[in-house]
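Here's a quick briefing for anyone opening this model for the first time. Have a look at the sequence and structure, then read on.

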Amino acid sequence: MSPRTSRWIMKQTWEDLLFLHWSVDRYWLQSMLPPQLEVDTFEGEAWIGIVPFEMNQIRFRGLPSVPFASKLLELNVRTYVKYGQKRGVYFFSLDASHRAGVMVARNLFHLPYLQAKMGKKSDGKQISFWSSRTHKGVEKADYHIIYEPLGTSYEARKGDLDFWLTERDRLFIVRGNKVFQGKIKHDR
């Protein structure tokens, strides 16, 4: 195992993931970000994404998955940023269905996780995903989408928008005046 992969903290599997993206005004988006981060663009366009999925087989290094604590639903709202020469993801919010998971992510990793009641159903073809934010002191937000895979699977190629949106190897967290980053390693 290389030194880079030997320092992992957490592993997880994502299922029924959907990337929904919209191009938005880069100046508006910049106004929504902490001043330490700069909007990253693809061919001059800024992007914001909503990503619903099921996370399972969650485990910390050296520990097994715990059946009642290793699965949750998540809905994140994200954008793509630069910090100096480094590119990554910035999360506006990460709604999740597991109260303990939200507490751990907020307190240990300082990520903007929020408690939500969530559900997902699948008939083998279509996936219905819903979320209703319940986090104390935070504005309510509701979301419901029905989606299904279409076409054949493919691997995004470097230089394409799909690659640019999905192949990020870090996330940024801003606390006060400090910028922290977490490295991400995932299969394509």
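Phe 42 counts as buried because its relative accessibility is 14%, which is under the 20% cut-off. Keep in mind that this is a predicted model. Trp 164 falls on the buried side too, at 11% relative accessibility, and a good part of this briefing circles around that residue.

**Aromatic rings**

- You'll find 4 aromatic pairs in the structure.
- One of them joins Phe 42 and Trp 164 in a tilted arrangement, with 5.8 Å from centre to centre and 55° between the planes.
- That pair ties together distant parts of the chain: Phe 42 belongs to the loop between β3 and β4, while Trp 164 is in helix α4, 122 residues apart.
- Add Tyr 80 to Phe 42 and Trp 164 and you have one aromatic cluster.

**Around Trp 164**

- What does Trp 164 touch, once neighbours within four places in sequence are set aside? Its contacts are Asp 40, Thr 41, Phe 42, Trp 47 and Tyr 80.
- Arg 168 comes into the picture as well: its charged end sits over the ring of Trp 164, 4.4 Å from the ring's centre.

**The largest nonpolar core**

- As a bit of background, nonpolar side chains in soluble globular proteins tend to be buried together.
- Here, the largest nonpolar core has 19 residues.
- The members that touch the most others are Trp 47, Tyr 80, Phe 91, Leu 111, Tyr 113 and Trp 164.
- Strands β4 (46-60), β5 (71-83), β6 (86-96) and β10 (170-175), plus helices α3 (99-108) and α4 (161-166), each chip in at least two residues of this core.

**Two residues with positive phi**

- Glu 43 isn't a glycine, yet its phi is positive, near 50°.
- Glu 43 sits in the loop between β3 (38-39) and β4, and it's exposed because its relative accessible area is 71%, where over 50% is what counts.
- His 110, also not a glycine, has a positive phi of about 60°.
- Look for His 110 in the loop between α3 and β7 (113-122); with a relative accessible area of 34%, it's partly exposed.

**A proline in a loop**

- Is Pro 149 buried or exposed? It counts as exposed, because its relative accessibility is 65%.
- Pro 149 lies in the loop between β9 (142-147) and α4.
- Lys 125 is 24 residues away from Pro 149 along the chain, and their C-alpha atoms are separated by 7.5 Å.

Note on methods
Residues are numbered from 1 along each chain as its sequence is written. This is a predicted model: local features need pLDDT of at least 70, side-chain atom pairs count only at pLDDT 80 or more; totals for chains, interfaces and linings use all residues. Side-chain values use heavy atoms; hydrogens and water are left out. A nonpolar core is a set of buried Ala, Val, Leu, Ile, Met, Phe, Trp, Tyr and Cys residues joined through side-chain atoms within 4.5 Å. Buried means under 20% relative accessible area, exposed over 50%, partly exposed in between (1.4 Å probe, protein chains only). Helices (H or I, at least four residues) and strands (E, at least two) are DSSP runs, numbered from the N terminus. Contact means heavy atoms within 4.5 Å. Rings of Phe, Tyr and Trp (its six-membered ring) pair if their centres lie within 6.5 Å; planes under 30 degrees apart count as stacked, over 60 as edge-to-face and the rest as tilted. A charge sits over a ring if NZ of Lys or CZ of Arg is within 6 Å of the ring centre and within 35 degrees of the ring normal.
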